[in-house]
Structures are given as C-alpha cells and as structure tokens.
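Visitor: I'd like to walk through this one with you. Can we take it in small steps?

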Amino acid sequence: VPGDADVYVVLATPAAQAGAALASRARAGATVVLAAGAVPGAMLTALPWRGSVAAEQGGAGTMWLGPETELAGAPARATGTPAKGARVIASWQDGRPAATAVRHERGCVVFVGAELETGELPLSGAYPAALDRLARGCEPSADPAGDAPLDAGARAVLRGMGPAAVAAGALGGAGQGTPLGRWVLAAALVVALLETFLAYRRRTA
C-alpha cells in the first residue's frame, strides 16, 4: 500500500522467494492481506482460513466490512471456515465469513475469500475504505458487528428495508401515561371489583 511499508496487499500468487519474504515480514510486524488465489505456499500455515483458497468460480456478491462499508460485486472465490483463533472481519450478504484475520507473531495475516482486483471492483467508491478496513484486520476496533457478522435482519434495517426497533423511551409520553389511559384503567378496575362483588352476593344468597 503506497505510503505504508508495513502493509502488503497480495493480488496474485508471488514467486516462492517473494512468498517467503512476505512470511518473514509478517512475523516481523507487517500486515499481509492475501486475496483468494494469491496465497503463497510459505504462508499456508499462518493462514486464518481452513478450506479452499484457490480462485474458484463462485459468483459475485456483496461483502460487508462493517455497518458503513459495503463492497458490492466482490468475486467470491474461496470456500471454507475461519481457522482456530481467527477473527471474522467481513461477511457475505448471507452471513458466511468473507475475510478473516489472525496475529502472526508480531504481525498480522488477513485472508479475503474473493479476488480483490477483478472487473470494475477497484473502481468502486467503497474500494479504498474496504482495503483500509482489511489492512486493520487485527485491530480490536475492526470488528464489523461486535462478536459476529450482521444477520439478515440487521442488514435489512441498515438498508432501510427492515422493521426498525424503537426504544419505548423515545416515544412521546412514554412512561408518563395519558389522562385518558388512566381513566380507562380505573374504570376497568371498578368494573372488575363490581363483578366480583355481585358474584359473591349471588353465591351467598
């Protein structure tokens, strides 16, 4: 990444020597972001992913990297699950993990289950923010939605298409009641007491 020598975004499989150099720099404190189909053999043991890392055909989808970062048209190319100890830092629109990160000695290794430089993806307005988010994958504040990816309901609310939950205290008059409401409650209580009294009189007569 220009201007930051401690972040390397790998878009194509490097030669063996370059892959070993990336692994060494990750151990020394650098962040290495690996796209699907661009994982060097020297970094397989440090990868925060278990499953296919090759560039398989999987269609394009929307990648969520947080409530304000949505990367549409990302070509999904990997299948699998996060490795033990890895953090999910991005998810697909159906909730499956899309990117994971793990500490590697002093540095960080990030795996993205998509090709990051295909078609019009680099021209997306969200592309710079997405790369920045991936480069901060090991930071505690980089969780997209706390402890888990956003579910379908939460994503619908963010898009303005789902039912929004409104706190009761935000409604006008909440917790204060209204005069009419108090009178209706008092009348219902009187009626209930009267019915109880009349039932008791009938039973004792």
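**Salt bridges, a disulfide and more**

Visitor: Glutamate 115: how exposed is this residue?

Guide: Glutamate 115 is partly exposed, with a relative accessible area of 23%. The cut-offs are these: buried is under 20%, exposed is over 50%, and partly exposed lies in between, using a 1.4 Å probe and protein chains only.

Visitor: What kind of model is this, and how are residues numbered?

Guide: This is a predicted model, with residues numbered from 1 along each chain as its sequence is written; local features need pLDDT of at least 70, side-chain atom pairs count only at pLDDT 80 or more, and totals for chains, interfaces and linings use all residues. Side-chain values use heavy atoms, with hydrogens and water left out.

Visitor: Back to glutamate 115. Which side chain meets it in a salt bridge?

Guide: That of arginine 77, at 3.2 Å from N to O. A salt bridge here is a side-chain nitrogen of Lys or Arg within 4 Å of a carboxyl oxygen of Asp or Glu. Side chains of opposite charge can pair when their charged atoms come close.

Visitor: Where do arginine 77 and glutamate 115 sit?

Guide: Arginine 77 is in the loop between strand E5 (70-75) and strand E6 (80-82). Glutamate 115 is in the loop between E9 and H2. So the pair ties together parts that are 38 residues apart in sequence. Helices (H or I, at least four residues) and strands (E, at least two) are DSSP runs, numbered from the N terminus.

Visitor: And arginine 77, buried or exposed?

Guide: Buried, because its relative accessible area is 11%.

Visitor: How many salt bridges are there in the whole structure?

Guide: The search finds 4. One of them pairs arginine 96 with aspartate 94, at 2.8 Å from N to O. Arginine 96 has 43% relative accessibility, so it counts as partly exposed.

Visitor: What about aspartate 132 and arginine 136?

Guide: Their side chains also meet in a salt bridge, at 3.1 Å from N to O. Shared partners join Asp132, Arg136 and Glu139 into one network of salt bridges. Aspartate 132 is partly exposed at 41%. Arginine 136 is partly exposed too, at 27%.

Visitor: New topic. How many disulfides are there?

Guide: The count is 1, taking a disulfide as a pair of cysteine sulfur atoms within 2.5 Å. Cysteine 108 is joined to cysteine 138, with 2.0 Å from S to S. The link is right-handed, with 80° about the S-S bond.

Visitor: Where are the two cysteines, 108 and 138?

Guide: In distant parts of the chain, 30 residues apart. Cysteine 108 is in strand E9 (residues 107-112). Cysteine 138 is in the loop between helix H2 (127-135) and helix H3 (152-158). Both cysteines, 108 and 138, are buried.

Visitor: Let's zoom out. How many helices and strands does the protein chain have?

Guide: It has 4 helices and 9 strands. Along the sequence the pattern is β-α-β-β-β-β-β-β-β-β-α-α-α. Of the 205 residues, 35% are buried.

Visitor: What is the average pLDDT of the protein chain?

Guide: The average is 79, and 75% of the residues score at least 70. pLDDT is the predictor's confidence in each residue, from 0 to 100. Confidence is highest in E9, at 95, and lowest in H3, at a mean of 58.

Visitor: Which residues have pLDDT under 50 and 3 contacts beyond four places in sequence?

Guide: Residues 164-175. Contact means heavy atoms within 4.5 Å. Residues 142-148 are also below 50, and that stretch has 14 contacts beyond near neighbours in sequence.

Visitor: Let's try threonine 13. Where does it lie?

Guide: Threonine 13 is in the loop between strand E1 (7-10) and helix H1 (16-28). It is partly exposed, at 49% relative accessible area.

Visitor: What does threonine 13 touch, not counting residues up to four places away in sequence?

Guide: Gly37, Ala38 and Val39. The C-alpha atoms of threonine 13 and alanine 36 are 9.3 Å apart, while the two residues are 23 apart along the chain.

Visitor: Last one. Where does leucine 194 lie?

Guide: In helix H4 (residues 179-204). Leucine 194 is partly exposed, at 48% relative accessible area.
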